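Colleague: I would like to learn how to read features of a fold from coordinates alone, taking one feature at a time. Could you show me the structure and then work through it with me?

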Amino acid sequence: MENLLTNLITENVPKAWFSTLDNFITKGKNAEVWDSKGNRYLDFVGGYAVLNTGHLHDKVVNKVEEQLKNFSHSCFAFAPHENAVLLAEQLNSRYPINSKTKSFIVNSGAEAIENAVKIARYFTQRKQIISFQGGFHGRTYLAMALTGKDKPYKEGFGPFPEFVHHAIYPYHYRDLSDEMALESIKKLFMESVNPKDTAAILVEIQIGEGGYIPASKYFLSELRSICDEHGILLIFDEVQTGYGRTGKMFGAELIDVEPDLVTLAKGIGGGFPLAAVIGRSEIMDSIHDAGIGSTFGASPISCAAALGVLEAFDTEDILTNAQDQAILMNTFLHDLKEKYEFIGDVRGYGPMLGVEFVDNKVNKSPNKELVNKVLVKSRENGLLLVSCGKDGNVIRFMGPLTTPLEQVNEALNIFENSLN
Ligand SMILES: Cc1ncc(COP(=O)(O)O)c(C=O)c1O
């Protein structure tokens, strides 16, 4: 990075909040971004799985521009506005819960998680919450407590809110089976958590930060049964799997299991900050008046952008493109797995794919060092990617679902060249 930029950053923002890219980003269009030196990249980070409809989708821009002619903010709790209600109506009708639902709209994934747990505890009048090892749910205190990955998210930040427990998340490549994961919940119930005092089980359909590990339909339907047996609410954290990332609009469609509550964020705002909790009406309406709220929640601008995102999904067959991307990427990445001893696993729903790097296929030792080299090399070659996983040894693909297939091909070729 030019010294001037380095100084500007190091002088003004905390060092823990460091950036990976070493130039300012200056322009983005769909899956392409340019930096201040004019370098062009394919963006398979997508603002951390936010830009499902790409940078500056025309329909998002149009809706935002239209809204900006009228007003920019009104706290919904005081002055309601149409965009928020239209969006809530869309979320209620689209999310696959087979009873009447209502939606509460907030700003970020962590805020949605906090509210989902608040609502679950209030409705059930129970305090215990079960989430999963390797799961990630955000940076606020309760979201941190629920997160099952210590480094870098939790280390040194305790104490955390209590009554949160972590069960095993299935990880077939590392020999953690669905049965072992389900057994770990039963063990919690036997040893430390009263199921009749458990408000909710919170789970990602495919773990994101924890290593792009998909959960099976069997595992998630067993979670549904455990919840039904004990009157526990099932919360799906679809912050990362939401809006097409798995090849279906929502992850729940893919596995055909209904949660009681769901959190969405990232892709729903088309690049503007927005999140939501959707839940069965009887649960959402159990809260006393003004018991939930948020000054900036349901920003008219972000909601306008979100309506643009939905219009894009409705008119441009983005889901078909996402599924085509998945076919292309799976074929290519599985070929790489056959070719290279250091690629241990390729996995994920739809185009939400992770590639796990190991020393070799027999010892399966996580190879973070190689991942870091590949990330740097890819960047030098014009492809933006990031890692994930407990050991930082998984490279994940989070490009726009609107990326033309030629550019997906281009990205995959850059990836392979970087391996060499
Ligand atoms: C599954 C999941 N839940 C929650 C969050 C937190 O979202 P936010 O960063 O918007 O607070 C994230 C962010 O990466 C996530 O991947």
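Colleague: Which strands does β13 join, and in what sense do they run?

Modeller: Two strands count as paired if DSSP finds at least two bridges between them, and the elements themselves are DSSP runs numbered from the N terminus, with helices (H or I) of at least four residues and strands (E) of at least two. Here strand β13 (residues 343-347) is joined to β14 by four bridges, and the two run antiparallel. Val346 stands opposite Val355 in β14, and β13 and β14 make a hairpin with six residues between them, where Gly348 in the turn has a positive phi of about 135°. On the numbering and the model: residues are counted from 1 along each chain as its sequence is written. This is a predicted model, in which local features need pLDDT of at least 70 and side-chain atom pairs count only at pLDDT 80 or more, whereas totals for chains, interfaces and linings use all residues.

Colleague: What other strand does β14 join, and are the faces of β14 covered or open?

Modeller: Strand β17 (residues 394-396) is joined to β14 by three bridges, again antiparallel, and Val355 stands opposite Ile395 in β17. For the faces one needs a burial scale: a residue is buried if 20 or more other C-beta atoms lie within 10 Å of its own, exposed if 12 or fewer, and partly exposed in between, with C-beta atoms placed from the backbone. Both faces of β14 (residues 354-357) are covered, since Gly354 and Glu356 on one side and Val355 and Phe357 on the other are all buried.

Colleague: In what order do the strands of the seven-stranded open sheet lie?

Modeller: The order is β4-β12-β11-β10-β7-β5-β6, with mixed pairing. The edge strands, each pairing on one side only, are β4 (101-106) and β6 (164-167). The twist averages 20° from one strand to the next, where axes are lines fitted to C-alpha atoms, for helices over the stretch in contact, and angles run from 0 to 180 degrees between N-to-C directions. Within this order, strand β7 (residues 198-203) and strand β10 (residues 233-237) pair in the parallel sense over four bridges, and the bridge partner of Ile201 in β10 is Leu234. Helix α4 (residues 82-94) lies across β4 and β12 (275-280), running at about 130° to β4.

Colleague: How is the protein divided into domains, and what makes up the contact?

Modeller: Domain bounds come from an automatic or database domain assignment, and here they give domain 1 (3-56 + 317-419) and domain 2 (61-315). The C-alpha centres of the two domains lie 25 Å apart. The contact, in which two residues count if their C-beta atoms, placed from the backbone, lie within 7 Å, takes 30 residues from domain 1 and 30 residues from domain 2. On the side of domain 1 that touches domain 2, the elements giving two or more residues are α2 (46-49), α12 (318-339), β13, β14 and β17, and the largest share, five residues, comes from α12.

Colleague: Which residues surround the ligand most closely, and how do the residues of the shell divide?

Modeller: A residue is near a molecule if its C-beta atom, placed from the backbone, lies within 6 Å of it. The ligand is surrounded by 15 residues, and the closest are Ser108, Gly109, Ala110, Gly138 and Val239. Helix α5 (residues 109-124) gives the largest share of the shell, three residues. The shell divides into six nonpolar, six polar and three charged residues, where Ala, Val, Leu, Ile, Met, Phe, Trp, Tyr, Cys and Pro count as nonpolar, Asp, Glu, Lys and Arg as charged, and the others, Gly among them, as polar.

Colleague: Which backbone values should I look at twice?

Modeller: Most residues other than glycine have a negative phi, and most peptide bonds are trans. Leu56, in the loop between α2 and α3 (58-68), has a positive phi of about 50° although it is not a glycine, and Leu56 counts as partly exposed because it has 15 C-beta neighbours inside 10 Å. Ala298 has a positive phi of about 60°, but Ala298 is buried because 27 other C-beta atoms lie within 10 Å. A cis peptide bond joins Lys151 and Pro152, with omega about 0°, and another joins Gly158 and Pro159, with omega about 5°.
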